[in-house]
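Reader: Please take one part of this model and go through it closely. I would like the sheet, strand by strand, with whatever packs on it.

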Amino acid sequence: MSLPKDDAATLSARWTEGVLLKRDVFSTVERGRFRGDSGEVDAVLRRLDEVPWWSFLLARHLFAREKYALRLAKGLNVGPELLWAGRRALVRGFVDGVALHLAKPHGDLAYFRSAKAALRRLRRAGICHNDLAKEQNWLVGRDGRAYVTDFQLAACFERRGRLYRILAYEDLRHLLKHKRSYAPEALTPRERKILAKKSFAASLWLATGKKVYRAITRGLFNFTDREGGGRRLVNDAPVLAELIRKNPAVRDTAIVAFADRRSGVGLYAFVEGDQAALEGQLRNELAAVKGPKPPEHIQVVHALPRDSSGKPRTEILQLVAMNQLDLIEPMMKNDQDRAFLKDILEQRKNLRDRFNFEADLPAS
């Protein structure tokens, strides 16, 4: 399915292709640059031309909801600005920040105050986001503020009726769930009461609608969206990690997902070890067992970046795999992290889908 001629003409003249961020049965999302009236800016494109025919009607409905919500949210400074919208493609501004599940703002009270302020601005505009349970849809800006993205499920209201109040309450409750994960000591008594009390609509959805939704998306559409990794990250990555760790030269491994223009979702395995020939050995071993499809990329590193508890910092590895390199530097905690970053970038494998986002990185 191709784009309408007017959409294709605009993108051909004004869009510079960059890094593929996500591809599923509802849209293709990529980061690049868009030339507007005031010059070229970093931006994000959502397009429907690669959506299969059997999901197109739903994809078009979600696209229309996002386009309307972004228009209504213009100037609120709570998320990306709508830069251009056609019939089957739209371009929104790029928010300089990383998703909540990557940034992990532990104890960052200012961030959660900013997030509540963002929700208040959305409420005043009559916008309920409806998908804030996903950490991917909350961004931690480079300025430390909270932003929201992905308005495909947003509902917009002219009047603040009962349905609006229920949905706005659920948006707040989902924000407070994230606050409980990253700053539980800062929850107020009132916030704890909100967390403990789902709306009737939410309880009904969990008991009925969510089960139907999962049956359709995971069964009929074969769609899983854990951190954008799909079914391969959920089902295949744990099996592959276990197989990789069986090699005695492997100290540890971490597998993350990245969007791939050819296969949709690819897997990238970072393997902690020292042997130069280890990558080839692992590829032969994974092919021999005839298990899940091996990772598209296997990179052997001397040491994985780790947090204070010793767990691999998959949030950094995720950005390396996705070639979002400019977003990594603010996440570097110390000189050891920076040394790792320099080493891993020099040897990284996913070079086919990259863009010039590396200006602020340490010299390599």
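**The sheet and its neighbours**

Author: At 45% relative accessibility, Met1 counts as partly exposed, because the buried class ends at 20% and the exposed class begins over 50%. Met1 lies in the segment before α1 (5–14). Together with Trp53 and Trp54, Met1 makes up a nonpolar surface patch of about 410 Å² accessible area. This is a predicted model.

Now the sheet itself. The sheet is open and has 5 strands, in the order β1-β2-β3-β5-β4, with antiparallel pairing. β1 (15–23) and β4 (82–85) are the edge strands; each has a single partner strand, so one side of each has no neighbour in the sheet. From one strand to the next, the twist averages 25°.

Starting from the β1 edge, β1 pairs with β2 (residues 28–36) over 6 bridges, in the antiparallel sense. Trp15 is placed opposite Phe34 of β2. The two strands, β1 and β2, form a hairpin with 4 residues between them.

β2 in turn is joined to β3 by 9 bridges, again antiparallel. Here Gly36 has Gly39 in β3 as its bridge partner, and the hairpin from β2 to β3 passes through 2 residues.

At the other edge, β4 pairs antiparallel with β5 (residues 89–93) over 3 bridges. Ala85 stands opposite Leu90 in β5. Helix α2 (residues 56–72) packs on the sheet, where α2 touches β3 (39–47), β4 and β5. The direction of α2 makes about 35° with that of β5.

Key:
Residues are numbered from 1 along each chain as its sequence is written. This is a predicted model: local features need pLDDT of at least 70, side-chain atom pairs count only at pLDDT 80 or more; totals for chains, interfaces and linings use all residues. Side-chain values use heavy atoms; hydrogens and water are left out. Patches are made of residues with over 30% relative accessible area and no salt bridge: like charges are joined within 9 Å, nonpolar side chains (Val, Leu, Ile, Met, Phe, Trp, Tyr) within 5 Å. Accessible areas come from the Shrake-Rupley method with a 1.4 Å probe; for residues, only the protein chains shown count as cover. A salt bridge is a side-chain nitrogen of Lys or Arg within 4 Å of a carboxyl oxygen of Asp or Glu. Buried means under 20% relative accessible area, exposed over 50%, partly exposed in between (1.4 Å probe, protein chains only). Two strands pair if DSSP finds at least two bridges between them. Axes are lines fitted to C-alpha atoms, for helices over the stretch in contact, and angles run from 0 to 180 degrees between N-to-C directions. Contact means heavy atoms within 4.5 Å.
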